[in-house]
Structure formats: structure tokens, C-alpha cells
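The following paragraphs are meant to be read with the model open beside them, moving from one helix outward to its partners and then to some individual residues. Please keep both chains in view.

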Amino acid sequence: MSGNAAGMLSRHGSTPFPADKGRAAGAPAVRRRTRHWRRWVTAAVFLLPAFVALLMLRVVPTVEAVTLALGDGERVGTWENFEAIFTDPLFTGSLRTTLLFGVIINPLQIALALFLAVVLTQRIPLVGLWRTLILLPVAVPQVVSAIVWLVLLRPDGPLNSFLERFGMPSVPWLINPRYALWSIIIVCSWVGVGYWMTFLVAGIQEIPRSLYEAAEIDGAGTLRRFRHITLPGVRRQLLFVLVADTVANFLVFAPVRILTQGGPARSTDLVMHNIFERAYTLGDLQSASAATIVLVLILLVVVSIQFRLLPGKE
Amino acid sequence: MDNTTLRESRAGRRAMFIAVPVALLSLAPLFWALMSSLRPGREIFANLHPFTLRTVFPEVWTLQNYAELLSGNFRPALINTLVVVVCSVVGGILVASLAAYALAVIEFPGRTAVFGVMVVSFLVPFEAIAIPLSSTFRDWGLANSYLGLILPAIGNGLAIFNLRQFFLNIPQSLAEAARVDGLGYFGIYRKIYMPLSRGALVGSALIIFVFQWQAFLWPLLNSPSPRMRVATVAIADFAQESGVDYGQMFAAAILTAAIPLILLLIFQRQFGGSMATSGSKE
């Protein structure tokens, strides 16, 4: 999952650029030009494998997707596939489900992550242990966590048995269209919240304690301190979490595939799963490609709106 | 005890009331999976109603599930995953470190632009292009092959970015000294940059490792043949079989979850990146 990698990014991302060294001064112009040229060739040789990978793995499939999406099997240059998917209630329904899912899960995960980050930056004994336990689910492959939840959420599973023990009604988690999407949201949040929390914990820890002490002397309560010190202080991390979380939630696949296969009554048919079924079950690569392009465009739009909404300083 | 500490300890206690239940809640599903993997398969559902301690803790403790799992169908899948992961990490680190070295050390015109293009293009979520890529790979005859499974991890943009940042921190004077001693660009890469960057190399290796270990959509698309199944796909198949042996399924889940956790614990210390700056003062 690309998510874990983002952790590394933030860890090493703050490394300052050292100033570039000036070129060797005073060398004759001709020699400098040959050296220049040789350096360029050397760089190209070192970069070649990565460049080939980039070409094969990013550029070619993108071109392939566009060609497939704009083709009808014989010629290229038709909007047929896009017309087809947008008049297909299965696809528009899947887009609606995905948007509903996003509108619920993103604020929920981010609010929970922020709340837990504030809680877990208080002075608590064994704070590291609690943070690690909350982070643990993200270290588990998504497929594995989906499998575990598949059994937990069965009608006769341990979760319902637990609820009944305490006098609560059992819930048809995965088999009723009204609950299935919520079940996916619970599973994804169980994985995600601890992960996003970690970034916000790091952000809160960077805020100077003296700010809080000064606010306390001024008599500011918990909520005021949160609004005027914590929130502005974690702005940058919050922006990162907002963008990365939204992108991740648009691309949810494994939990849907394992828990519900899009059902019941297509109530959990998130767009990645819809695209997968087009390509794999139906073998319709053209409409799958058109749908992929629609997904990428939506991602671009959503992410750029978010960057506008939360202008981070710097 | 003065006023501030008193108030702080009260806030701390309040925070404990939230932190501990949330932590236990997050642990509970995995703990239950672990317990279920240590009991005979039929015992898992026998004790569900009513919910008691027996629901969670086995009556009979056994490693039978693990033994059966590793002698059955799951073994080739686990071996496939290990082959893919090892090749991806070795190949990925080689390609990424060469690129990062060029981008950090060799001064050539357009360096910033090349760096920008590489990072941005690799930040496009892989899942989004996986489906068109799978049809390309089928055309190239890479479906159902190790190579087809390994390639997507090569040239990982985050690994390149991570290593470049680290290489930039290595004092240039070391490389200059080596050049005086007659080392070329490749020699400097091999004899100076690589040995000094162990921490960052481990970090990048973990990025690639986690990417491949978790991979599910791509193996599903590229390797439909049962012979080329990887562990995650095998587990998913487990769950979809009728009459599945839940004991073995949980054992597979725990095994797949535990291996990355153990590696994380082993390599945790390397992360700090113990860069040797002793040769130079800058």
C-alpha cells in the first residue's frame, strides 16, 4: 500500500537541501564542455533503469488506457465508451456509492484521528504502547484484516454474539444493504484511523509547549487551546492527511472484494471494485479504461479543491 | 504538587480513559484471530453463543493449523510471495539507488526537472493504472510470471525520493577525496554512498517490501493461474471456498500479518540512519 510509504516520506522529507557546489572555476572552456557532456552521459546511464521502469509502468499504461477508452476496437477517437458508462446505471450507481462513502468516511476518519492524536499527546503513562496498539492494524495486509472482519461480522459471528450478551440486538452487518456500506466504513477506519493519527501526533509534538502554558495562564480552556493553538499548529499535517486519506478512500478495493463483492444489492460497489469487475469478470477493457480515466480525473479535481481550501503556509 | 502538574495529571487521567479502551478495541480483532488460529478449526464456532471467555480463549491449544497450512496449498503461495518480495527489494533498491545517486550527486543540466517528473509520475496511485497495465503486460507475455509480479515494485518513486534526500546529506568532500584517489562515479556510488546509507536503504527496502507484501489487486489481475498465486490471494480464496477450514484460514492470516511485523521490529533501529560523518566535518 502506498500509505505506509508516505510515512517514510514525512520522515525524510524535511532534510534540507545543501547548497549546490559551484562548478570548478578557471578550467578551459573546451575541457569544461567535454566534462559537461560526460557528466550528462554518466547521469543518463545511472537514470536509465528507473527511466525505463517509468516508461513501462506509468507512461505505457496511461497511453493504453486512453487509447482503449477512446477506441471501439477498430479505430481510436470516439466517446462511445464514456457514453456507455455514463448511461450504465451500474457505473453511475457505483460513483454515487463512492461519493457517499467518501462524504462519510473522510470526515469521520480525520476527526477521529485528530481527536486521538490530541488524546495521545497528553501526559499518559505508557503512551507509546497505546499509540503502537492503535497503529497495529495498518501493519497487517488489508486482505488479512478484511478476512478477520469477514468472520467477525457474520450474522452468527462473535461481534453479534458480544452485542447480544450485553442485551443489544444483533446487526445484519454484511447482508443488509442498509448496513453493508457502514461495515466497510468500520473496517477501513479500523485500519486507517491509527495510521493518520500518527502523522497528526507528529505535528502536535512539534508545537512548542510554551504556547500551551501561556494560554493556560491566560485562562484558555481545553477547547479554546485546541482551536487557537493545536489546530493552526497541525495545519500542514492536516492538509497532507486530508489529501492522502481522500485519495486512499477513493481507491478502496480489497475490503469490498473480500467482504461483500459489491453487494448486497450493489450497496457497496465502490468504483475500484466496479472497474475491476468490468475488466476482470466482464472482460470489457474499454469501458474499464474509460472508468479508470473518470476516476483519475475525479481524484485530480478533488485533490486540487482540497489544496485550495486549506492553503498551508509555506 | 503545584497547580499546573495537578491539572496536567487530571487531564492525563482523563486521556487514559479514552486511550486504553481505544487501544484495546484496535487490538481485539487481531487478538481474536491469533487465538482462533491456536485452536482446532471446529472449536471456533462451537463457543460463540453465548459470548464467554471460551469464545475468545481456546479450550485446546494447538499448532495443528499452522502445521497443516504449511504442508498444504498455502505453502507454494507463501513461497511465491517470498520470491517476489526478495527480488523486488533487491532489484528495486538497485534501480532506485542508482537513480537517486544521479539525482543527488551528478550535476547535469535539467536535474531538477528530471527529479520532479520522476517523483510526480510515480506518485500516481498504482491501483489507478493497474488495470490498463495488466492488459499491457498480457500483450508483452508477462502475465502469470514472476517478472510480471516483480516489475511494478521497480523504480519506486518514494524509494528514489527517500534515498536522494539521504544522499544529499552525505558530505561532498568525501566524494571529492575519493575522486582524487582515482574513483569514478560508479566507484564512489559503490564504495562511499551505498555503505554510508544503510539506514536509508533499509527504509527504502521496507517501502518496497510493504508494497509487495500487501499487494492484492495486482496479483489478482496479473496472475490468475493458481500456480502463481501469492499469499494474499490465497487467503482471499480460502475465505471464498465453501467448507473452509477456519482454523487454517486464521493461521494463514496470522502468518501473513506477523512476518512484516517481525521484520519491522528487527529493522526498527536502523531507521534513524546512522550516517557516518566521522570522515569529514561540515
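In this predicted model, helix α14(A) offers a simple check on its own geometry: at 1.5 Å a residue its 25 residues should span 36 Å, and because its end C-alpha atoms are 36 Å apart, the expectation and the model agree. Within α14(A), the buried residues are Leu285(A), Gln286(A), Ser287(A), Ala288(A), Ser289(A), Ala290(A), Ala291(A), Thr292(A), Ile293(A) and Leu295(A). Leu297(A), which also has its place in helix α14 of chain A, has 10 C-beta neighbours inside 10 Å and therefore counts as exposed, the limit for that class being 12 or fewer. The C-alpha atom of Leu297(A) is separated by 18 Å from that of Glu80(A), a residue 217 places away along the chain.

Two packed helices are described by the angle between their axes and the distance between the axes. For α14(A), which covers residues 285–309, and helix α7 of chain B, which covers residues 126–139, the axes come within 9 Å and cross at roughly 150 degrees. Since angles over 145 degrees count as roughly antiparallel, α14(A) and α7(B) are roughly antiparallel to each other, and their crossing is left-handed. On the α14(A) side the contact involves Leu285(A), Ala288(A), Ser289(A), Thr292(A), Leu295(A) and Val296(A), and these meet Ala128(B), Ile131(B), Pro132(B) and Ser135(B) in α7(B). By class, the residues of this contact divide into 7 nonpolar, 3 polar and no charged. An α-helix has 3.6 residues a turn, so residues three or four places apart point the same way.

The contact between the two chains as a whole takes 80 residues from chain B and 76 residues from chain A. On the side of chain B that touches chain A, helix α1 (residues 3–37) of chain B gives the most, with 16 residues, and that side has, by class, 61 nonpolar, 16 polar and 3 charged residues.

A second helix pair can be followed inside chain B, where the axes of helix α5 (residues 74–104) and helix α9 (residues 157–168) come within 8 Å and cross at roughly 45 degrees. That angle makes α5(B) oblique to α9(B), and α5(B) passes α9(B) in a right-handed crossing. The contact is made by Gly92(B), Ala96(B), Ser97(B), Ala99(B), Ala100(B), Tyr101(B), Leu103(B) and Ala104(B) of α5(B), together with Ala159(B), Ile160(B), Leu163(B), Arg164(B), Phe167(B) and Leu168(B) of α9(B). The residues of this contact divide into 11 nonpolar, 2 polar and 1 charged.

Still in chain B, Asn222(B) lies in helix α13, which covers residues 217–222, and it counts as buried because it has 23 C-beta neighbours inside 10 Å, where 20 or more are required. Leaving aside its neighbours within four places in sequence, Asn222(B) is in contact with Ser134(B), Phe137(B), Ala143(B), Gly148(B) and Leu149(B). Of these, Ala143(B) is 79 residues away along the chain, yet its C-alpha atom is separated from that of Asn222(B) by 5.1 Å.

Returning to chain A, its secondary structure comes to 14 helices and 0 strands. Of its 314 residues, 40% count as buried, and among its contacts between residues at least 6 apart in sequence, 72% join residues at least 24 apart.

Some backbone details remain. Most residues other than glycine have a negative phi, and most peptide bonds are trans. In chain A, however, the peptide bond from Gly263(A) to Pro264(A) is cis, with omega near -10 degrees, and Pro264(A) has its place in the loop between α12 (254–259) and α13 (271–281). Leu126(A), in the loop between α4 (89–119) and α5 (127–139) of chain A, has a positive phi near 60 degrees, and with 13 other C-beta atoms within 10 Å it is partly exposed. In chain B, Asn144(B) likewise has a positive phi, near 55 degrees. Asn144(B) lies in the loop between α7 and α8 (146–150) of chain B and is partly exposed, with 16 other C-beta atoms within 10 Å.

Key. Residues numbered from 1 in each chain as written. Chains lettered and ligands numbered in written order. Predicted model: local features only at pLDDT ≥ 70, side-chain atom pairs only at ≥ 80, totals over all residues. Axes fitted to C-alpha atoms, helices over the stretch in contact; angles between N-to-C directions. Helix = DSSP H or I, 4+ residues; strand = E, 2+ residues; numbered from the N terminus. Parallel < 35°, antiparallel > 145°, perpendicular 65-115°, else oblique. Left-handed = near helix turned anticlockwise from the far one by under 90°. Contact = placed C-beta atoms within 7 Å. Nonpolar A, V, L, I, M, F, W, Y, C, P; charged D, E, K, R; others polar. Expected span 1.5 Å × (residues − 1).
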